[in-house]
Amino acid sequence: MFVLSLGMGNIAFSAEPIKVGVLHSLSGTMSISEVAVKDATLMAIEEINAEGGLLGRRIVPIIEDGASDWPTFAEKAKKLIWKDKVDVVFGCWTSASRKAVLPVFEKADHLLFYPVQYEGLEASKNIVYTGAAPNQQIMPAVTWLLKQNKKKMFLLGSDYVFPRTANLIIKAQLKAEGGTLVGEEYTPLGHTEYSTVINKIKAAKPDVVFNTLNGDSNVAFFKQLRAAGISAEDIPTMSVSIAEDEIRAIGADNLVGHYAAWNYFMSMKTPENETFVKNYKARYGANRVTDDPIEAGYFGVYLWAEAVKKAGTTDVAKVREAVKGISYKAPEGLVTVSKINNHTSKLVQIGKVRSDGQFDIVWTSGKVVEPDPFPALVSKKKVLAPGKIVDE
Amino acid sequence: MEVFLSQLFNGLSLSAILLLVALGLSITFGIMGVINFAHGEYLMVGAYTAYVMQRLSHGDQTGISFLLALPIAFAVAYLLGLIVEKLLIRFLYGRPYESILATWGLSLILQQGARSIFGANNVEVTAPHWLQGGIQPLDGFQLPYNRIFILSLAVFAVAGMYFYVNRSSSGRRMRAVMQNRDMSACMGIKIRKVDSLTFAIGSGIAGVAGCAVSLLGSIGPSTGQNYIVDAFMVVVLGGVGSLSGTIAGALMIGLTNPLFEYVTTSSMGKVIVFTLVIIFLQWRPSGLFAIKTRALD
């Protein structure tokens with residue numbers, strides 16, 4: 001029997017600790033984004049411990065580095081499940097890493113909480129998706145743009161699964177809702193020379209650029225867009241992968257007036273969010289910011305904790321049953337895990353970048369949107385593999 | 001028409017960056033036969049120098065800190081090059097295969113070092129006010145000041161290099177070693193000294209290139225990696241160790257890449273350029289400008 005006492009709180013835990021896995025890229029190209037999500041996950045775990053733990057037991061995180069390398073993610077997932085015998089894993093960012101660990105979690109019949117918006121077309125009972133499905137981010141953003149009379153759209157993305165699938169959905173939507181596609185460009189991950197793409201955008205004269213670039217490429221794109229004399233008034237952009245944390249790296253100057261669609265913004269005025277931001281800054285430094293995936297990484301832990309309380313055990317199969325329909329009052333508002341597809345219902349919002357790197361919220365769905373990972377516009381039959389579409 | 005001019009200008013500015021990165025690579029490869037995979041990291045060091053200077057000046061907008069960063073980046077990368085040469089490179093002269101492995105390891109170490117010092121997050125250098133915006137000679141055709149600046153930087157670097165190599169005595173010694181190592185040694189040139197000086201100068205120029213690319217994108221531990229492959233392509237295409245070859249190689253790749261990218265896509269543009277370079281090297285393995293050497297190869 002373990003008897004652990006935390007110095008300050010003097011909470012005595014009488015039973016064995018609960019082991020949970022935290023699996024993110026702490027090195028390599030994706031560490032830019034994932035380190036902050038890991039931090040938020042750990043903060044939630046410590047908050048729960050400070051409140052007396054879960055079922056009277058202390059939660060102990062086991063942190064693994066996926067190193068921005070997909071086979072490593074699969075290896076580390078195996079290690080967490082089989083060797084460390086954790087009760088749940090929180091982690092992953094890119095779709096590639098999630099696709100790499102999915103078979104591991106299905107084979108072990110285990111449980112992963114995945115905190116990032118993605119392209120949809122997936123629903124596993126072994127994953128709880130706390131980020132947005134396409135109908136909770138990309139599709140409302142397109143509809144909003146069309147309503148703003150931004151009908152001529154230029155699609156720009158990084159060349160991998162998420163942007164290609166997202167753009168499939170957008171193109172179907174443009175056809176259905178009366179927009180036109182004036183250009184579509186993909187650049188390799190890590191691409192930094194955007195002058196040619198910017199010339200193509202100029203020549204196509206779009207009303208708006210829908211931007212699904214990931215990582216550092218965004219910095220180069222926005223800097224060079226500005227240097228080419230194109231401001232947000234001339235051609236605005238709508239991004240789905242740029243949040244507050246990325247704005248810090250891109251420089252708010254380069255982004256003022258451009259749009260982004262998310263479920264959570266740091267500037268939201270809910271009491272839960274104010275506490276969340278205050279605690280995050282107190283823990284990790286006043287210059288740190290919170291954003292959507294950070295928030296999803298944080299409340300995922302609480303959703304799981306609620307499910308454990310309901311099940312009365314950490315047994316994976318029972319928690320997986322209990323998590324269906326579980327709600328938690330997250331910083332963005334009440335989120336609920338769908339009973340059908342394991343995604344969470346979420347508020348949808350569009351923000352406009354301010355000069356201080358925060359967002360002015362210009363549109364909100366007002367109520368939570370139910371998740372739909374398989375949008376009806378893209379027929380399930382048509383999709384063989386993400387990014388590949390064939391005729392029925 | 002505007003698009004064509006604009007693409008031409010983009011091509012020139014891309015050539016300028018490639019040239020700045022490839023200059024150092026070309027001279028170290030040409031003189032010492034060392035394939036330096038860590039060359040991109042000198043560029044990264046230079047870029048971080050610009051960032052540090054900006055931080056030290058507390059967001060100075062006059063651009064003085066940025067101008068100061070240029071010689072300082074050269075000095076920092078130069079010193080780092082000197083140290084690396086003494087500790088590692090000198091054991092690798094004339095051993096291209098071993099040098100690939102060793103310098104690649106070094107590049108990983110330097111990247112992780114940057115990550116430890118500056119964090120995993122990319123950082124941003126704000127261009128001084130007078131480098132923001134651009135000249136607009138035609139409607140819809142803007143020449144960004146930052147790209148004009150990079151172009152002039154490259155011209156300056158090449159001119160400096162030309163005068164150094166052709167007019168100064170230490171530059172002449174460098175050229176002699178480049179053309180025939182053994183003979184130069186017989187003639188009393190201290191080739192060890194020339195080697196370390198050359199390596200340090202090559203590193204220093206990469207440091208300046210780092211300042212230039214900080215105007216275009218963000219700076220991170222992997223910044224150097226974005227340019228290293230293209231730089232090697234320039235060196236091989238141009239002819240190893242030849243200044244005019246490096247210029248020609250940089251121009252060819254810099255001008256054709258945006259062209260193909262415009263008519264196809266970014267990925268396809270790169271593929272076409274690579275393919276053409278490979279075909280060209282089949283026809284002329286020693287590149288555009290092969291160094292005439294009296295050594296028996």
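**View 1. A:Asp109 and A:Ser68, two loop residues with positive phi.** A residue counts as buried under 20% relative accessible area, as exposed over 50%, and as partly exposed in between. The model shown here and in the views below is predicted. At 32% relative accessibility, A:Asp109 is therefore partly exposed. Its place is the loop between helix H3 (95-108) and strand S6 (112-114) of chain A. Phi of A:Asp109 is positive, about 50°, although the residue is not a glycine. Most residues other than glycine have a negative phi. A:Ser68 also has a positive phi, near 55°. This serine sits in the loop between strand S4 (59-65) and helix H2 (70-83) of chain A. A:Ser68 is buried, with a relative accessible area of 13%.

**View 2. Helix H4 of chain A, largely enclosed by the rest of the structure.** H4(A) spans residues 138-147. Eight of its ten residues are buried, so the rest of the structure largely encloses the helix. The buried set is A:Ile138, A:Met139, A:Pro140, A:Ala141, A:Val142, A:Trp144, A:Leu145 and A:Leu146. Just after the helix, A:Asn149 takes a positive phi of about 70°.

**View 3. Aromatic pairs in chain A.** Over all chains, the count of aromatic pairs comes to 25. In one of them, the ring centres of A:Trp144 and A:Tyr259 lie 5.2 Å apart. Their planes meet at 65°, so the pair is edge-to-face. The pair links distant parts of the chain: A:Trp144 belongs to helix H4 of chain A, A:Tyr259 to strand S12 (residues 259-262) of chain A, 115 residues apart. Both partners are buried, A:Trp144 at a relative accessible area of 10% and A:Tyr259 at 15%. A second view of this kind shows A:Tyr264 and A:Phe276, with centres 6.2 Å apart and planes at 75°, so this pair too is edge-to-face. A:Tyr264 lies in the loop between S12 and helix H9 (271-284) of chain A, and A:Phe276 in helix H9 of chain A, so the pair ties together parts twelve residues apart in sequence. A:Tyr264 is buried at 0% relative accessibility. A:Phe276 is buried as well, with a relative accessible area of 2%. Ring pairs join both residues into a cluster with A:Tyr280, A:Tyr284, A:Tyr298, A:Tyr302 and A:Tyr328.

**View 4. Charged ends over tyrosine rings.** The charged end of A:Arg98 sits over the ring of A:Tyr114, 4.8 Å from its centre. The charged end of A:Lys200 sits over a ring of chain B, that of B:Tyr262, 5.9 Å from its centre.

**View 5. A:Trp304 in the largest nonpolar core.** This core has 98 residues. A:Phe113, A:Phe221 and A:Trp304 have the most contacts inside it. Helix H10 (residues 292-311) of chain A supplies the largest share, eleven residues. Leaving aside neighbours within four places in sequence, A:Trp304 is in contact with A:Ile18, A:Val20, A:Leu54, A:Ile59, A:Val88, A:Phe90, A:Leu111, A:Phe113 and A:Val319. A second, separate core has 81 residues, including B:Ile150, B:Val165, B:Ile189 and B:Tyr227.

**View 6. Helices H1 and H9 of chain B, packed at an angle of about 65°.** H1(B) covers residues 2-32 and H9(B) residues 225-238. Their axes are 8 Å apart. The crossing is right-handed. From H1(B), the contact is made by B:Ile17, B:Leu18, B:Val21, B:Ala22, B:Leu25, B:Ser26 and B:Phe29. From H9(B), it is made by B:Tyr227, B:Asp230, B:Ala231, B:Phe232, B:Val234 and B:Val235.

Note on methods: Residues numbered from 1 in each chain as written. Chains lettered and ligands numbered in written order. Predicted model: local features only at pLDDT ≥ 70, side-chain atom pairs only at ≥ 80, totals over all residues. Heavy atoms only, no water. Buried < 20%, exposed > 50% of the residue type's maximum accessible area, 1.4 Å probe, protein only. Helix = DSSP H or I, 4+ residues; strand = E, 2+ residues; numbered from the N terminus. Phe/Tyr/Trp six-rings, centres within 6.5 Å; stacked < 30°, edge-to-face > 60°. Lys NZ or Arg CZ within 6 Å of the ring centre and 35° of its normal. Core = buried A, V, L, I, M, F, W, Y, C linked by side-chain atoms within 4.5 Å. Contact = heavy atoms within 4.5 Å. Axes fitted to C-alpha atoms, helices over the stretch in contact; angles between N-to-C directions. Left-handed = near helix turned anticlockwise from the far one by under 90°.
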